[in-house]
Amino acid sequence: MRQDLSGRSLELRAGRVPFVHARVTLAEAPTSAKPGDEAIIRADGAIEGFVGGVCAESTVREVATDLLASGAGPIVLRVTPEPEPDQPGRRVVHNACLSGGTIEIFLEPAVPPPLVVVVGRTPIARALATLGAGLRWAVQEWDGELPPDAVAVV
């Protein structure tokens, strides 16, 4: 069932598409997922890959899209059939799936940095480009067209 998603991850990053990379780190039988299974979840909830059956997938989709919407960092998601309190470093979700197993999934958001489009080659334009790069923003010189997610400041 394993699928190499590294190429797809690179495509999404190049296209500045936010997503969450999910990787199963623990699978306590009985589960359909195995450690190392992975998926990419986009902000619209679309999933590519495999991190478990229908119950686990719906929970992963919900938590991943919440991470993207909130701007939160990576988390470990524990999906278990028995109610448990949240644990340090883990978000625990009680999900009484028919399989009855427990899985843990590392969810890592990949959100592109803000894009600054610099127009011109004046000292101010160069200073803005340097400032943006120092803030680890994506800096692009204007070539006549603005990307759809660019912030234009006039």
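**Group meeting: a nonpolar patch and helix H2**

Okay, let's start with leucine 131: its relative accessible area is 51%, so leucine 131 is exposed (exposed is over 50%, buried under 20%, partly exposed in between, with a 1.4 Å probe and protein chains only). Before I go on, this is a predicted model, where local features need pLDDT of at least 70, side-chain atom pairs count only at pLDDT 80 or more, and totals for chains, interfaces and linings use all residues. Residues are numbered from 1 along each chain as its sequence is written, and side-chain values use heavy atoms, leaving out hydrogens and water.

Leucine 131 sits in helix H3 (helices are DSSP runs of H or I, at least four residues, and strands are E runs of at least two, numbered from the N terminus).

Now for the overall layout. The protein has three helices and eight strands, in the order α-β-β-β-α-β-β-β-β-α-β along the sequence. Of its 154 residues, 34% count as buried.

On to helix H2, residues 54-70. What should its 17 residues span at 1.5 Å a residue? The expected value is 24 Å, and the end C-alpha atoms are 24 Å apart, so the two agree (the expected span is 1.5 Å times one less than the number of residues). The buried residues of H2 include Ala56, Val60, Val63 and Leu67. As for partners, H2's buried residues pack against strands E1 (19-28), E2 (38-42), E4 (75-80), E5 (90-94) and E6 (102-110), with contact meaning heavy atoms within 4.5 Å. Right after H2 comes glycine 71, with a positive phi near 80°.
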